[in-house]
Amino acid sequence: MGDRRMQVVARTLVSLPPVSLHALFALLLAAAAIFGRHTNLESSGLALVWPAAGINFLWGLWASRTRRDLAVALTATLPLLAVVNLATGLSPALALAVAVGSMAQTAVAASLFRRLVPGVTVRSVGDYLRLGGVAVAACSVGALFIVAGSALDGMAEPLAAFIPWLVRHAVSLTALGSLGIVLASNLRARADGDVPPPLTGARRAEYALLVLVSVVLYTATFGTAAALPIAYITIPAHMWAGLRLRAGWAMLHGLLSGAFLVFFTLAGLGPFQELGPMTGAYVAQSFMFIAFSLSAVLALSMDERRRLIASLYRATEEARTAAELRDLVIGRMNDGVLVAGPDRRLIFQNGASERWLGPGTARPGEIWRRDYEVTTPRGEPVTDEDNPLTLALQGIVTERMDIDLTHRTGEVTHLSVDAVPLPGGRGAVLVMRNVTGERLYQRDLGRFASVVAHDLLTPLTVFDGWLELLEDPDLPPAERQASIERLQRASLRMRTLIRNLLAYSLAKEERLTASRIDVGGLVEGIIDLRTALPGTQLPDVAFTVDAPDPVYADERLFLQLMENLVGNAMKYGRTDGTGEVTVTTGPDASTGQTLVHVRDNGIGVPEGDLERVFEEFHRSENGLGQATGTGLGLAICRRIAEAHGGSISVRNVEEGGAEFTVSLPGSPEQLPEGIPLVSAEHTPRVSAP
């Protein structure tokens, strides 16, 4: 509740209108001037302390934010101080000199402080010292007016008034000015919700003990006629306050301690009474200012230290957060990143780099070493001198250098490497892009172009030849019919090739939607169409379909998959009329997916090709003489299965032939993320290829 009340009070004071603040400053200035006029100690009739200088400076500093407010503050200062000084016994000349001098020094002090301290605050020892310098300069200007007033008043030595004015006003302006600025800053911070943490019980007890010790020391030193003849024993209390209190509280402690000193000295008590009136006044003022400044400087230093430590902690936390974010971003990059020092010791590498280069190459702090063979794309060895890391450590930038890494396992990784030296010879950074897929794609593209050119040109050649033959008007009807059939088969071959190429592309790129598919019904449709298709010259095949288990897949792609598998079983089966094709389904006990088995009793797959039959454009030697093809059918099947989160495999059966097994989702929950279920159940319509 206390913090809330303080915050409400702070917001109320900060939000006061200018008119109210002008009135408040005027009242404070009048009270300070009256108090100062009652602290006469020496024969000049001038005050021992002059708190009005500090209040007037704070008023002018606040008002200097606008020309209008500054004019109001300076204009009000003149009659107010003149009236107070006249009413308390000063001559008209001196009263006017004090008022004009105070007005001038306030204007100079506010202007200089705003220029020297743009933040208009006292947060460091440097700010405090700059305020002290401003006070001396401004009060020197004000002192010239009191010298002039003293001369008009008929003083024998008017210059003697310069030093007392300078000392009294500079001390007041520095002490009260710094305290007021610090308190105003704290007030604005509280109004903005920046509430300091509550004091602990131990800290409260310490502060109470500090107050008690200060009262005892000042009373023992200044409070009795038989006071201690030395004043410096009060200094430890100011050191304590400066080291343990915040700047505002430490300054307030110094100000209240100075009030004790002034009170006792005016009462004729304390060690300064042994001195003459003039000397005693100067010594009292000097001691009060030194004690105040000691507390202020120590407290400001400690506050600055606390801010620096807090800033360091924030910077450390920000650096840690930035490093974590950097590591997260770099760690998730698709490119490999490696940083090595000038001695080739590894500083950092992300997960992609470790996967491609191998974990055995180095750990952070270890010297980089090869665990692989490095060659160019043409197979030429890359020496250590030509290695991108070596070149970068020598200050040479490498851009898009293609290298091949052959690991001990025989795996080959194709990389494109950029290497850049770090500034100041601190090492090098390597950024690697895995282009293995691109290399394979380029290889497949070349094979693709070759196959497409051959397989499309061959039917076109047939077209040209038989069309030329058909132009012969004397061609017998039987040969004409045979030519037409050959043209139909060539056309079918071209359509099949183009259809397979499209299916191969769509199986990878197309967005999928899933539905519940009746496998048995779909296969029956494929068999009916295949056996009824004219011109295929397929042998008689006995079909067995036992597929009660459904699959959840994209209907068009699943149809393409089953057409390829059933078509392969028919093409590469027995040609003597005893061919058999069996299609069955069943659940996978380990994954819950549906297993679709397509089995034939044909030529089977050579053992060396069991792992390669699903590669693009691959055809086994034993099938080349039995049926034509593009080598894309099984690659399409693999893509379709993997696109649904499944797999495909093949094995040879003991009785002869091969069995292909496809694993596909058997329930909607097994569909990969991103494949929506669009219908409850559907049997795709089978159409002619």
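**Salt bridges, worked through**

At 10% relative accessibility, D303 counts as buried (buried is under 20% relative accessible area, exposed over 50%, partly exposed in between, with a 1.4 Å probe and protein chains only). Before we start, note that this is a predicted model, where local features need pLDDT of at least 70, side-chain atom pairs count only at pLDDT 80 or more, and totals for chains, interfaces and linings use all residues. Residues are numbered from 1 along each chain as its sequence is written, and side-chain values use heavy atoms, leaving out hydrogens and water.

**Exercise 1.** Find the salt-bridge partner of D303 and place both residues in the fold.

*Solution.* Start with the rule: a salt bridge is a side-chain nitrogen of Lys or Arg within 4 Å of a carboxyl oxygen of Asp or Glu. D303 meets R306 at 2.6 Å, N to O. Next, locate them: both lie in helix α11 (residues 277–332), 3 residues apart, about one turn of the helix. Helices here are DSSP runs (H or I, at least four residues), numbered from the N terminus. Finally, check exposure: R306 is partly exposed at 25%.

**Exercise 2.** Describe the pair R65 and D69.

*Solution.* Their closest N and O atoms are 3.6 Å apart, and they form a salt bridge. R65 is partly exposed, at 48% relative accessible area, whereas D69 is buried at 10%.

**Exercise 3.** Describe R378 and E380, then look for a network.

*Solution.* R378 bridges to E380 at 3.7 Å between the closest N and O atoms. R378 is exposed at 69%, while E380 is partly exposed at 41%. Elsewhere, salt bridges with shared partners join R203, E206 and R244 into one network. The rule gives 12 salt bridges in total.

How values were computed: Helices (H or I, at least four residues) and strands (E, at least two) are DSSP runs, numbered from the N terminus.
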